[in-house]
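Biologist: Could we go through this model together? I should like to begin with one charged residue and its partner, then move outwards.

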Amino acid sequence: MKSWLPLVAAVLLWPGSSSQNACEEPEDIDFGEIVSIEKAKYLENDRVQYSCNPAYVLEGSEWIQCKGQKWTPHPPKCLAPCSITRQQLATKKLFVFGSQRKARLIQSNHNVQFQCNEGYVLVAPSVRKCFDGYMDFPLCISERGKNCSGPPRIENGDIISLSEKLYRSGSSVEFRCQTYYAMEGQNRSFCDNGTWTKVP
């Protein structure tokens, strides 16, 4: 009877039968799900596949693997789309390039080009990128607003546009940094109904 003891011990200690090599259940992700067959126990080298909900974009690897009791790489993330509504376009005096004013969803990491309504000037850039549900809309400035007086000066920089006594709403001036200085922000400031937009 004792001759069986070493064999039983060897079976119990065999790596494939030990729970020490198992991984915990893989994490759930927001706006996505595990699409591979789920198991009661995940052992070394087992793999799991993720997928995102419609309109969401997967960031990271869709597959993770059980290695040394840990999942590698980390589970992916589902990036949210950006919504553009007709009300937003109307309020901001914008339309999507091609004269389109329809509501739409833009997937994360995709670009959209905007234009302003007639009589408005667009503060560049006109192309904006959606990232995880957020997109910064461009500013449209009315050409029929109040004029501006001289533009503000910036430290360690100069205005390189022609100087005028009054600047029409919608017009702009361009800035340049002096030698050894780097510009932070837009290199232009616009006259917006009597007030200058943010300078660099």
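Biologist: Is glutamate 174 buried, partly exposed or exposed?

Modeller: In this predicted model, glutamate 174 counts as partly exposed, at 23% relative accessibility. The cut-off for buried is under 20%, so glutamate 174 does not fall in that class.

Biologist: And which residue forms a salt bridge with glutamate 174?

Modeller: The partner is arginine 188, with the closest N and O atoms 3.4 Å apart. Arginine 188 belongs to strand β16 and glutamate 174 to strand β15, so the pair ties together parts that are 14 residues apart in sequence. Arginine 188 is partly exposed, with a relative accessible area of 31%.

Biologist: What lies between those two strands, β15 and β16?

Modeller: A loop, and tyrosine 181 is placed in it; β15 covers 172-177 and β16 covers 188-192. Tyrosine 181 is partly exposed, with a relative accessible area of 46%. Its C-alpha atom is separated by 7.2 Å from that of asparagine 156, 25 residues apart along the chain.

Biologist: Back to charges. How many salt bridges does a search of the whole structure find?

Modeller: Four. One of them joins the side chains of lysine 77 and aspartate 132, at 3.2 Å from N to O. This pair links distant parts of the chain, 55 residues apart: lysine 77 is in strand β6 (residues 77-79), and aspartate 132 is in the loop between β12 (127-129) and β13 (140-142). Lysine 77 is partly exposed at 44% relative accessible area, and aspartate 132 is partly exposed at 27%.

Biologist: What about lysine 39: which residue does it pair with?

Modeller: Lysine 39 forms a salt bridge with aspartate 46, and the closest N and O atoms are 3.3 Å apart. Lysine 39 counts as partly exposed at 43% relative accessibility, whereas aspartate 46 is buried at 16%.

Biologist: Which residues form the negative surface patch?

Modeller: Glu24, Glu25, Glu27, Asp28, Asp30 and Glu38 form it. Glutamate 38 sits in the loop between β1 (32-34) and β2 (47-52). Glutamate 38 is exposed, because its relative accessible area of 60% is over the 50% cut-off.

Biologist: Finally, the chain as a whole. How many helices and strands has it?

Modeller: Two helices and 17 strands. Of its 200 residues, 30% count as buried. The accessible surface comes to about 13800 Å², and 50% of that belongs to carbon and sulfur atoms.

Biologist: And what share of the contacts joins residues at least 24 apart?

Modeller: The share is 35%, among contacts between residues at least 6 apart in sequence.

Key:
Residues numbered from 1 in each chain as written. Predicted model: local features only at pLDDT ≥ 70, side-chain atom pairs only at ≥ 80, totals over all residues. Heavy atoms only, no water. Patch = residues over 30% accessible without salt bridge, like charges linked within 9 Å, V, L, I, M, F, W, Y side chains within 5 Å. Areas by Shrake-Rupley, 256 points an atom, 1.4 Å probe, with all protein chains shown as cover. Lys, Arg positive; Asp, Glu negative; His and termini not counted. Charge placed at Lys NZ, Arg CZ, Asp CG, Glu CD. Helix = DSSP H or I, 4+ residues; strand = E, 2+ residues; numbered from the N terminus. Buried < 20%, exposed > 50% of the residue type's maximum accessible area, 1.4 Å probe, protein only. Contact = heavy atoms within 4.5 Å.
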